[in-house]
Amino acid sequence: MGERFTVETMQTGKGSCPARVYSGETLLNPPPVVLHLHGGSFVGSSIAAGERVAKALAAAGAVVISPEYSSACLNPFPAALDVTYSMLSSMRARCPQFAHKKSMLFIAGEEAGGNIAAGVALMARDQFLTDLKGQILLSPMLDPCLATASFRKYCPETSVQSIAEGWQRYLGECGGFTHPYAAPAHCTRLAGLVPSLILTSEECPMRDETAAYADRLRQAGVSVQSHILPGRAGWIPENTVSAETWASQEETITGIFSRFFQQAGAKPAEMTMR
């Protein structure tokens, strides 16, 4: 696919950080602007780890801002959440620069990035940030208990310890486990959230917590689209899948993303003038 990126600087309220801005050969009208958060189990990885999802979102017709927020995750909750929310809050003013003044704002993330995206969506609801129009979560890490059947079956033994340590670092020693923004799987108040697109795969450790969150959102009256793809999730940084497997998954999720954006009000893609 022809998605490419430039590098911009995003203000965070506590400084700034570099971000990749992805844009594909075709854009929806007006192009959605997506703040995208890469995975890394709260302990590592980098902006490059989210390239697959960022490119798929761009191929779906969006302009994608993917910041290097990893350093914030080295500090306990709510550091990464506050940095991300600050970026999202400032993005409305920059929509004409990135895309169009009428562009809709979305937040997206996979794995640990999906946790923070879900927390930001909750925070946006509670602080009346009406600019946010949807959340896109791919295999989000929502439950620090690490006790679901899918986690026990599909998480490699070599990854269990690093994921547990990531959760411990993120939650800190001050009761972050009990805060709904930190562990959205345990949030008891989900009504009023933005429309949600939630994806996982059959062989994903986070499959069960992802599916349970989608069900609870529906029960709370939130508009939800959820999908469980076959096989392993190629969008998780630690997963190694064949080029053919990822090509198939990428085509599928790009179509899902595009339909979600169009259902929110974006018009079909047009060729972008370069």
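Q: In this predicted model, which residues lie nearest the centre of the largest pocket?
A: S159, I163, I236, E238 and N239 do, and they belong to a lining of 15 residues. About 180 Å³ of space lies in this pocket.

Q: What makes a residue part of the lining of the largest pocket, and how do its residues divide by class?
A: A lining residue has an atom within 4 Å of a point of the pocket. By class, the lining holds seven nonpolar, five polar and three charged residues.

Q: How do you know that strands β1 and β2 pair?
A: Two strands pair if there are at least two bridges between them. Strand β1 (residues 4–11) and strand β2 (residues 16–23) have eight bridges, so they count as paired, in the antiparallel sense. T9, for instance, stands opposite P18 in β2.

Q: What do β1 and β2 form, and what marks G13 in the turn?
A: They form a hairpin with four residues between the strands, and G13 has a positive phi of about 90°.

Q: What makes β8 and β9 a pair?
A: Pairing asks for at least two bridges, and strand β8 (residues 196–201) shares six with β9, in the parallel sense. One of the links joins S196 to its bridge partner V224 in β9.

Q: Why is the pairing of the open sheet called mixed?
A: Strands of a sheet pair either parallel or antiparallel. Here β1 and β2 pair in the antiparallel sense, while β8 and β9 pair in the parallel sense. Both senses occur in the sheet, whose eight strands run in the order β1-β2-β5-β4-β6-β7-β8-β9, so the pairing is mixed.

Q: Why is one side of β1 and of β9 left without a neighbour in the sheet?
A: Both strands stand at the edges, and each has a single partner strand, so one side of each has no neighbour there.

Q: How do you know that helices α2 and α3 meet, and which residues take part?
A: Contact means heavy atoms within 4.5 Å. A80, L81, D82, T84, Y85 and L88 in α2 meet I116, G119, V120, M123 and A124 in α3. These residues divide into eight nonpolar, two polar and one charged.

Q: What describes the packing of α2 on α3?
A: Two packed helices are described by the angle between their axes and the distance between the axes. For α2 (residues 79–98) and α3 (residues 112–126), the angle is about 65° and the axes are 10 Å apart. The crossing is right-handed.

Q: Which strands does helix α7 lie across?
A: Helix α7 (residues 243–264) lies across β4, β6, β7, β8 and β9, and runs at about 165° to β8.

Definitions and conventions. Residues are numbered from 1 along each chain as its sequence is written. This is a predicted model: local features need pLDDT of at least 70, side-chain atom pairs count only at pLDDT 80 or more; totals for chains, interfaces and linings use all residues. Side-chain values use heavy atoms; hydrogens and water are left out. On a 1 Å grid over the protein atoms alone, a cavity is a set of points where a 1.4 Å probe fits but cannot get out, and a pocket is an open set with protein on both sides within 12 Å along at least five of seven lines; lining residues have an atom within 4 Å of a point. Grid points are joined across faces, edges and corners, and a volume is the space filled by probe spheres set on the points. Ala, Val, Leu, Ile, Met, Phe, Trp, Tyr, Cys and Pro count as nonpolar, Asp, Glu, Lys and Arg as charged, and the others, Gly among them, as polar. Helices (H or I, at least four residues) and strands (E, at least two) are DSSP runs, numbered from the N terminus. Axes are lines fitted to C-alpha atoms, for helices over the stretch in contact, and angles run from 0 to 180 degrees between N-to-C directions. A crossing is left-handed if the near helix is turned anticlockwise from the far one by less than a right angle, and right-handed if clockwise.
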